[in-house]
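Work through the exercises below with the sequence and the coordinates open. Try each task before reading its solution.

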Amino acid sequence: MSLAIEAMRNMESVPSRSAAVDISSTDFDVIAALGFPCTAIYVGTGGTVIAELVGDSTSRTYKNVPDGTELLGRFSSVIRTGTTATDMIARVY
């Protein structure tokens, strides 16, 4: 068996956790809601996403994020002001 196939099988056996991110009215503190940072943000309906990474209080702006994109990083929060993307899901791998 090739190493690539073996690696994929190992990844499939690791459970992932996810939670719906509701940013309709307020900032979303990922760590407070989940107890740990998320490693990806799935963007269902594209737009701008403003988020903070773990250990960095500076907001990062991701512009023109297309529908169906998964942003990778260790995110601590999603900032509502200026975020136009919707239908987002916080994912942990």
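The exercises go from the whole model to single residues.

**Ground rules.** The model is predicted; local features need pLDDT of at least 70, side-chain atom pairs count only at pLDDT 80 or more, and totals for chains, interfaces and linings use all residues. Residues are numbered from 1 along each chain as its sequence is written, and side-chain values use heavy atoms, with hydrogens and water left out.

**Exercise 1. Find where the predictor's confidence is lowest and where it is highest.**

Step 1. Start with the scale: pLDDT is the predictor's confidence in each residue, from 0 to 100.
Step 2. Take the average. The mean pLDDT of the protein is 80, and 73% of the residues reach 70 or more.
Step 3. Split by element. Helices (H or I, at least four residues) and strands (E, at least two) are DSSP runs, numbered from the N terminus. Helix H1 (residues 3–13) is lowest, at a mean of 48, while E5 is highest, at 96.
Step 4. Check residues 10–14. Their pLDDT stays under 50, and the model gives them 0 contacts beyond four places in sequence. A contact means heavy atoms within 4.5 Å.

**Exercise 2. Write down the order of helices and strands along the sequence.**

Step 1. Count the elements: 2 helices and 7 strands.
Step 2. Read along the sequence. The pattern is α-β-β-α-β-β-β-β-β.
Step 3. Look at the range of the contacts. Among those between residues at least 6 apart in sequence, 65% join residues at least 24 apart.

**Exercise 3. Describe the hairpin of E4 and E5.**

Step 1. Locate the strands. E4 covers residues 47–53 and E5 covers residues 59–65.
Step 2. Get the pairing. Two strands pair if DSSP finds at least two bridges between them. E4 and E5 pair in the antiparallel sense over 5 bridges. Ile 50 stands opposite Thr 61 in E5.
Step 3. Inspect the link. The hairpin has 5 residues between the strands, and Gly 55 takes a positive phi near 80°.
Step 4. Add Ser 57, found in the loop between E4 and E5. Ser 57 is exposed, at a relative accessible area of 65%. The cut-offs are: buried under 20% relative accessible area, exposed over 50%, partly exposed in between (1.4 Å probe, protein chains only).

**Exercise 4. Which residues touch the most other members of the largest nonpolar core?**

Step 1. Apply the rule. A nonpolar core is a set of buried Ala, Val, Leu, Ile, Met, Phe, Trp, Tyr and Cys residues joined through side-chain atoms within 4.5 Å.
Step 2. List the members. The core has 15 residues, and Cys 38, Ile 41, Val 43, Val 49, Leu 71, Phe 75 and Met 88 touch the most others.
Step 3. Map them to elements. Strand E3 (38–45), E4, strand E6 (69–79) and E7 each give two or more residues.
Step 4. Zoom in on Phe 75. Beyond four places in sequence, its contacts include Val 30, Pro 37, Ala 51 and Tyr 62.
Step 5. Set this against the whole: of the 93 residues, 30% count as buried.

**Exercise 5. Find the salt bridges and say how exposed their residues are.**

Step 1. Use the rule: a side-chain nitrogen of Lys or Arg within 4 Å of a carboxyl oxygen of Asp or Glu. The count comes to 2.
Step 2. Take Asp 56 and Arg 60, with N to O at 2.5 Å. Asp 56 is partly exposed at 24%, and Arg 60 is partly exposed at 35%.
Step 3. Take Arg 91 and Glu 70, whose closest N and O atoms are 3.7 Å apart. This pair links distant parts of the chain: Arg 91 in strand E7 and Glu 70 in strand E6, 21 residues apart. Glu 70 is partly exposed, at 31%.

**Exercise 6. Is Ser 76 buried or exposed, and what does Ser 76 contact?**

Step 1. Place Ser 76 in strand E6.
Step 2. Read the accessibility. At 13%, Ser 76 counts as buried.
Step 3. List contacts beyond four places in sequence. They are Phe 28, Asp 29, Val 30, Ile 31, Glu 52, Leu 53 and Val 54.
Step 4. Compare positions. Ser 57 and Ser 76 are 19 residues apart in sequence and 9.1 Å apart in space, C-alpha to C-alpha.
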